[in-house]
Amino acid sequence: METTGDVFGARVVALLIDLVATALVAIVIAVALITAGVGSGNETVLGLLAISVVPAVLLVQFGYFIYLEGTRGQTLGKSAMNLVVVTE
């Protein structure tokens, strides 16, 4: 399948849209985990929840791309820019 036109710019914009979407979800998760730890009043719980932020954010980042491209053939950014993942 041939690529029509220059899609490099569209791919960059699509990636930026996807990064903003995943960053917003990651921020919500991080704030929720840290708030839960602070609310517990226990430093050990706070530390464990703070450490769990990194795996949670990584899961969101990887899971977003794997799930959407696997099930829909495009992420939200690619959909906005009319790009699709093609398998041949």
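Okay, let's start with a definition: a residue is buried when its relative accessible area is under 20%, exposed when that area is over 50%, and partly exposed in between, using a 1.4 Å probe and protein chains only. Take R72 as a try-out: at a relative accessible area of 41%, R72 is partly exposed. I'll come back to that residue later.

Some ground rules. This is a predicted model, so local features need a pLDDT of at least 70 and side-chain atom pairs count only at pLDDT 80 or more, while totals for chains, interfaces and linings use all residues. Residues are numbered from 1 along each chain as its sequence is written, and side-chain values use heavy atoms, with hydrogens and water left out.

How confident is the predictor? pLDDT is its confidence in each residue, on a scale from 0 to 100. The protein averages 85, and 92% of the residues score at least 70. Among the elements, α3 has the highest mean pLDDT, at 94, and α2 the lowest, at 86. As a general caution, where pLDDT is low, the predicted coordinates should not be read in detail.

Now the overall picture. What is this protein built from? Three helices and zero strands, so to speak α-α-α from the N terminus on. Helices here are DSSP runs of H or I with at least four residues, strands are runs of E with at least two, and both are numbered from the N terminus.

As for shape, the C-alpha atoms fill a box of roughly 60 × 25 × 15 Å along the principal axes. The radius of gyration is 17 Å, whereas a compact globule of 88 residues would be near 12 Å. That radius is taken over C-alpha atoms, and the globule rule is 2.2 Å times the number of residues to the power 0.38. Of the 88 residues, 22% count as buried. The protein exposes about 6,100 Å², with carbon and sulfur atoms supplying 72% of that; these areas come from the Shrake-Rupley method with a 1.4 Å probe, and for residues only the protein chains shown count as cover.

One more global number. A contact means heavy atoms within 4.5 Å. Looking at contacts with a separation of 6 or more, residues 24 or more positions apart account for 53% of them.

Let's walk along the chain, beginning with α1. Its 33 residues should span 48 Å at 1.5 Å a residue, and its end C-alpha atoms are 48 Å apart, which agrees. The expected span is 1.5 Å times one less than the number of residues. Which residues of α1 are buried? They are A10, A14, D18, T22, A26, A30 and G37, and what covers them includes α2 and α3.

Two other residues of α1 are worth a look. L19 sits in this helix and is partly exposed, with a relative accessible area of 36%. Its C-alpha atom is 8.7 Å from that of G77, which is 58 residues away along the chain. V28 is in α1 too, but V28 is exposed, at 57%. From V28 to S79 it is 51 residues in sequence and 23 Å in space, C-alpha to C-alpha. After α1 comes G41, with a positive phi near 75°.

Next up is α2, residues 43-71. With 29 residues at 1.5 Å each, α2 should span 42 Å, and its end C-alpha atoms are 41 Å apart, which agrees. There is a kink of about 25° in α2, centred on G63; the bend at a residue is the angle between axes fitted to the seven residues ending there and the seven starting there. The buried residues of α2 are L49, V53, A56, V60, Y64 and L68, and they pack against α1 (8-40) and α3 (76-80). I51 also lies in α2, yet I51 counts as exposed, at 61% relative accessibility.

Back to R72, as promised. Where is it? In the loop between α2 and α3. Leaving aside its neighbours within four places in sequence, R72 is in contact with Y67 and S79. The C-alpha atoms of R72 and V85 are 9.0 Å apart, with their positions 13 residues apart along the chain. G73, which follows α2, has a positive phi near 80°.

Last stop: N82, in the segment after α3. Most residues other than glycine have a negative phi. N82 is not a glycine, but its phi is positive, about 55°. At 70% relative accessibility, N82 counts as exposed.

Methods:
pLDDT = per-residue confidence, 0-100.
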